[in-house]
Amino acid sequence: MLQPLRARLLATGLIPLRGAAPAPTSKKSGKDKGPRRTGELSTTHATGCALMKGVQDPELKPDSEYPDWLWTLLEPAPSAKELAGQYQGQGLSVDQLQRLWRLKNKERIKENNFMRAK
């Protein structure tokens, strides 16, 4: 609920972005800490995406210039139950079948670990 509000406030500049990242420690964390530079988000440039120092951030293109698959990246992947239902009914593609077996293996491993912990 607060994420969309925070994103809008960041985009309008009402909340400043974080400062520089702290010095690296020996412990690595998998959390994304957001942009590493101070400033405002831009609607014309990809803020914080410059690969080299002294180079300007790349410009954003119109949506029509990006490939169609890019807009499907945020769609949720089907769950194991949904894939199992499709498998019984109409069959699955190779990628979907691999995902189904990977999810089934994860469930089996979690169940075995739970039973061993008792």
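Guide: Helices are DSSP runs of H or I with at least four residues, and strands are E runs of at least two. By that count, the chain in this predicted model has three helices and zero strands.

Visitor: In what order do the elements of the chain run from the N terminus on?

Guide: They go α-α-α. The loop between α1 (2-12) and α2 (80-89) is home to Leu 51, and we'll stop there several times.

Visitor: What share of the chain do buried residues make up?

Guide: Of the 118 residues, 8% are buried. The accessible surface of the chain adds up to about 10,900 Å², and carbon and sulfur atoms own 57% of that surface. As for contacts with a separation of 6 or more, residues 24 or more positions apart account for 9% of them.

Visitor: Why is Asp 57 called buried?

Guide: Buried means under 20% relative accessible area. Asp 57 has 11%, so Asp 57 is buried. You'll find Asp 57 in the loop between α1 and α2.

Visitor: Which backbone nitrogens lie by a polar atom of the side chain of Asp 57?

Guide: There's the backbone nitrogen of Ala 50, at 3.1 Å from a polar atom of that side chain. The backbone nitrogen of Cys 49 is there as well, at 3.5 Å from a polar atom of the Asp 57 side chain.

Visitor: What makes Leu 51 count as exposed?

Guide: The cut-off for exposed is over 50%. Leu 51 comes in at 85% relative accessibility, so Leu 51 counts as exposed.

Visitor: Which residues form a nonpolar patch with Leu 51 on the surface?

Guide: Met 52 and Val 55 join Leu 51 in the patch. Together the three have about 370 Å² of accessible area.

Visitor: How do you know whether Leu 60 is buried, exposed or in between?

Guide: In between runs from 20% to 50%. Leu 60 has a relative accessible area of 42%, so Leu 60 is partly exposed. Leu 60 is in the loop between α1 and α2.

Visitor: Which residues is Leu 60 in contact with, leaving aside its neighbours within four places in sequence?

Guide: Leu 60 touches Ser 42, Thr 43, Thr 44, His 45, Ala 46 and Tyr 66. Take Thr 44: Leu 60 and Thr 44 are 16 residues apart in sequence, yet 5.4 Å apart from C-alpha to C-alpha.

Visitor: And Lys 61, why is Lys 61 called partly exposed?

Guide: Lys 61 has 48% relative accessible area, so Lys 61 doesn't clear the exposed mark of over 50% and is partly exposed. Lys 61 also belongs to the loop between α1 and α2. Its C-alpha is 8.8 Å from that of His 45, with the two positions 16 residues apart along the chain.

Visitor: How many aromatic pairs does the structure hold?

Guide: One. Tyr 66 and Trp 71 make up that pair, with ring centres 6.1 Å from each other and 90 degrees between the planes.

Visitor: What makes the Tyr 66 and Trp 71 pair edge-to-face?

Guide: Rings pair if their centres lie within 6.5 Å, and planes over 60 degrees apart count as edge-to-face. At 6.1 Å and 90 degrees, Tyr 66 and Trp 71 pass both tests, so the pair is edge-to-face. Both residues are partly exposed: Tyr 66 at 25% relative accessibility, Trp 71 at 46%.

Visitor: Last stop, Lys 81: why is Lys 81 called exposed?

Guide: Lys 81 has a relative accessible area of 74%, and exposed starts over 50%, so Lys 81 is exposed. Lys 81 is in helix α2. The C-alpha atoms of Lys 81 and Leu 100 are 8.8 Å apart, with a spacing of 19 residues along the chain.

Technical notes. Residues numbered from 1 in each chain as written. Predicted model: local features only at pLDDT ≥ 70, side-chain atom pairs only at ≥ 80, totals over all residues. Heavy atoms only, no water. Patch = residues over 30% accessible without salt bridge, like charges linked within 9 Å, V, L, I, M, F, W, Y side chains within 5 Å. Areas by Shrake-Rupley, 256 points an atom, 1.4 Å probe, with all protein chains shown as cover. Salt bridge = Lys/Arg side-chain N within 4 Å of Asp/Glu carboxyl O. Buried < 20%, exposed > 50% of the residue type's maximum accessible area, 1.4 Å probe, protein only. Phe/Tyr/Trp six-rings, centres within 6.5 Å; stacked < 30°, edge-to-face > 60°. Contact = heavy atoms within 4.5 Å. Polar contact = N/O pair within 3.5 Å; in protein donor to acceptor, adjacent residues only side chain to side chain.
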